Amino acid sequence: MNLLMTEAVKKLDNTIKAILPLHSCNVLFATREEAESAAEKLKMKIGENSLRIVDLYSPPSKPAYYDSVHQDKVVLRDVPKEATPEDFASLFPDALAVVIYKNTFPASNFCHAYIGFENAKRVAEILTPAIYTIAGRKIISVPCYSI
């Protein structure tokens with residue numbers, strides 16, 4: 001983008017905070033609505049002053065890992081490998097799922113597990129004491145999204 005185009009963009013919307021570098025135009029707006037409005041105005045200028053494309057990018061409102069890791073699960077650390085799903089069921093009878101990762105640390109006698117529940121409220125209740133005993137060993141519960 002040349003210097004003339006930079007000035008044209010600034011005239012189009014005075015809320016633009018930064019335009020760098022000159023071959024590309026990155027603009028930061030206070031709200032998504034302001035950004036959409038400016039993008040629509042700029043799209044009408046495509047073809048003028050070397051403007052070829054206008055793209056609107058908005059970072060996600062939450063970290064990407066929140067989409068892949070569910071809030072309704074608890075991870076248990078230091079679980080003995082001899083633990084069985086029945087051990088978890090007796091301690092957490094309302095669990096919807098139990099997965100024991102016995103092959104994660106092959107040289108260790110301990111592993112991780114996760115327990116799935118119906119909602120995040122139940123997870124919060126389980127995380128309050130944070131230490132439980134399964135198969136005769138104290139284990140630590142942590143939120144699944146913090147791993």
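Here is a short walk through the sheet in this structure. The model is predicted, so keep its ground rules in mind: local features need pLDDT of at least 70, side-chain atom pairs count only at pLDDT 80 or more, and totals for chains, interfaces and linings use all residues. Residues are numbered from 1 along each chain as its sequence is written, and side-chain values use heavy atoms, with hydrogens and water left out.

Let's start with the overall layout. Five strands (DSSP runs of E, at least two residues, numbered from the N terminus) form an open sheet in the order 2-3-1-5-4, with antiparallel pairing; two strands pair if DSSP finds at least two bridges between them. Strand 2 (97-101) and strand 4 (131-134) stand at the edges with a single partner strand each, so one side of each has no neighbour in the sheet. From one strand to the next, the twist averages 30°, where axes are lines fitted to C-alpha atoms and angles run from 0 to 180 degrees between N-to-C directions.

Now follow the pairings from the strand 2 edge. Strand 2 pairs with strand 3 in the antiparallel sense over 5 bridges, and here Tyr101 has His112 of strand 3 as its bridge partner. Strand 3 (residues 110-116) has 5 of its 7 residues buried (under 20% relative accessible area, 1.4 Å probe, protein chains only), so strand 3 is largely enclosed by the rest of the structure.

Strand 3 also pairs with strand 1, antiparallel over 6 bridges, and Cys111 in strand 3 is the bridge partner of Val79. Strand 1 (residues 73-80) in turn pairs with strand 5 (residues 137-143), again antiparallel, over 4 bridges. There you can find Val75 opposite Val142 of strand 5.

Terms used. Buried means under 20% relative accessible area, exposed over 50%, partly exposed in between (1.4 Å probe, protein chains only).
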